[in-house]
Amino acid sequence: MKKILCMLLILALCAALCGCGGSAREVVTVTTLVEQDYSLAFRTGDPTAYYVAAAIEVLNAQGLVDELSVKWFGSRLVNFGSNASALENLGPVEPRSFIIGVDINSFPMAYITGGQYWGFDIELATAVCELLHWDLKIQPIEKENVYIELSSGNIDCAWGGIALDPEDISAGRITQYGPYIHNDIVIAKRGDAFIENKYMLSHKALAMCSTQEAMDALQTDPGIVDRLGQISRLAGGTTECFQYLYQGRCDVILTDSTAIYYFNCH
């Protein structure tokens, strides 16, 4: 009898440990709302695209892309071509200003901290311009206005947490380079929280960014909206959402999978 009781206690302890699912610091996806891919976009027919693509392939061959991917995401998630001699196949590179349009709400791809632009895409774009001897300029844009911003000449490239409109691509209105990284918009929890799926979100407190994209993503599953308890829309962006989660001020957050990779390795 004692042996049976001991075995039952051990099994109960194992079940409890499994239910915890991980550490409080780890963030884990509960359910995926939107799947998307990030790409670069150029004006159709603009030769700038060839030079930027070639520069990225050279930097990738040199190992810089993998280095930045590990730095920002903890692993090699970024998928670009690799060719050490890519620039040799093009004509001379003329000095110029290169204006990229970024979504500053796409942490950790592109964002503002301390009054400066920063993020994976900003670092890579900076390295590209250093290689090409171009002057990098950064312009915040709304991601749904990529074609308008490019066609008007306000930017030379949409690059910074941008999921392109498939209709713009299929209609030939823009030239796509990529996709180079996959990103899901998800509802996520702390690793130690016993929330295994979306049906366990009843009366749970959610924190999310106050962007239109975040609100649109939440509306893709009306059942989740009806199930949730308090919903806090935070103006402080992704970082504030994760702070709320770590501090226990909410049960779950709506965020990007790329942001989860960042916070789980920093």
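A residue is called buried when its relative accessible area is under 20%. In the predicted model described here, this term applies to every residue of strand β8, which spans residues 206-209. The side chains of the strand are divided between two directions: L206 and M208 point one way, while A207 and C209 point the other way.

Strand β8 has pairing partners that include β9 and β10. With β9 (residues 231-234), β8 pairs in the parallel sense, and 4 bridges join the two strands. The pairing of β8 with β10 is also parallel and runs over 3 bridges. Residue A207 takes part in both pairings: its bridge partner in β9 is S232, and in β10 A207 stands opposite I253.

Strand β10 (252-256) is also among the elements against which helix α10 packs. Helix α10 comprises residues 257-264 and is mostly covered, with 6 of its 8 residues buried. These buried residues are S257, T258, A259, I260, Y262 and F263. Besides β10, they pack against β1 (27-43), α3, β7 (174-190) and α9 (237-246).

Two of the buried residues of α10, Y262 and F263, belong to an aromatic cluster that also contains W72, F107, Y111, W118, F242 and Y246. In the model as a whole, 13 aromatic pairs are counted, a pair being two rings with centres within 6.5 Å. One of them is formed by W72 and Y111, whose ring centres are 6.4 Å apart; their planes meet at 75°, so the pair is edge-to-face. This pair links distant parts of the chain, since W72 lies in helix α3 (residues 64-73) and Y111 in strand β3 (residues 111-113), 39 residues apart. Both W72 and Y111 are buried.

Y111 also pairs with F107. Here the ring centres are 4.4 Å apart and the planes are at 50°, so the pair is classed as tilted. The angle of 50° is neither under 30 degrees, as a stacked pair requires, nor over 60, as an edge-to-face pair requires. F107 is buried, as is Y111.

Charged side chains are also found over aromatic rings. R25 lies over the face of Y246, a member of the cluster, at 3.9 Å from the ring centre. In another such arrangement, R96 lies over the face of W134, and the distance to the ring centre is 4.9 Å.

Terms used: Residues are numbered from 1 along each chain as its sequence is written. This is a predicted model: local features need pLDDT of at least 70, side-chain atom pairs count only at pLDDT 80 or more; totals for chains, interfaces and linings use all residues. Side-chain values use heavy atoms; hydrogens and water are left out. Rings of Phe, Tyr and Trp (its six-membered ring) pair if their centres lie within 6.5 Å; planes under 30 degrees apart count as stacked, over 60 as edge-to-face and the rest as tilted. Buried means under 20% relative accessible area, exposed over 50%, partly exposed in between (1.4 Å probe, protein chains only). A charge sits over a ring if NZ of Lys or CZ of Arg is within 6 Å of the ring centre and within 35 degrees of the ring normal. Contact means heavy atoms within 4.5 Å. Two strands pair if DSSP finds at least two bridges between them.
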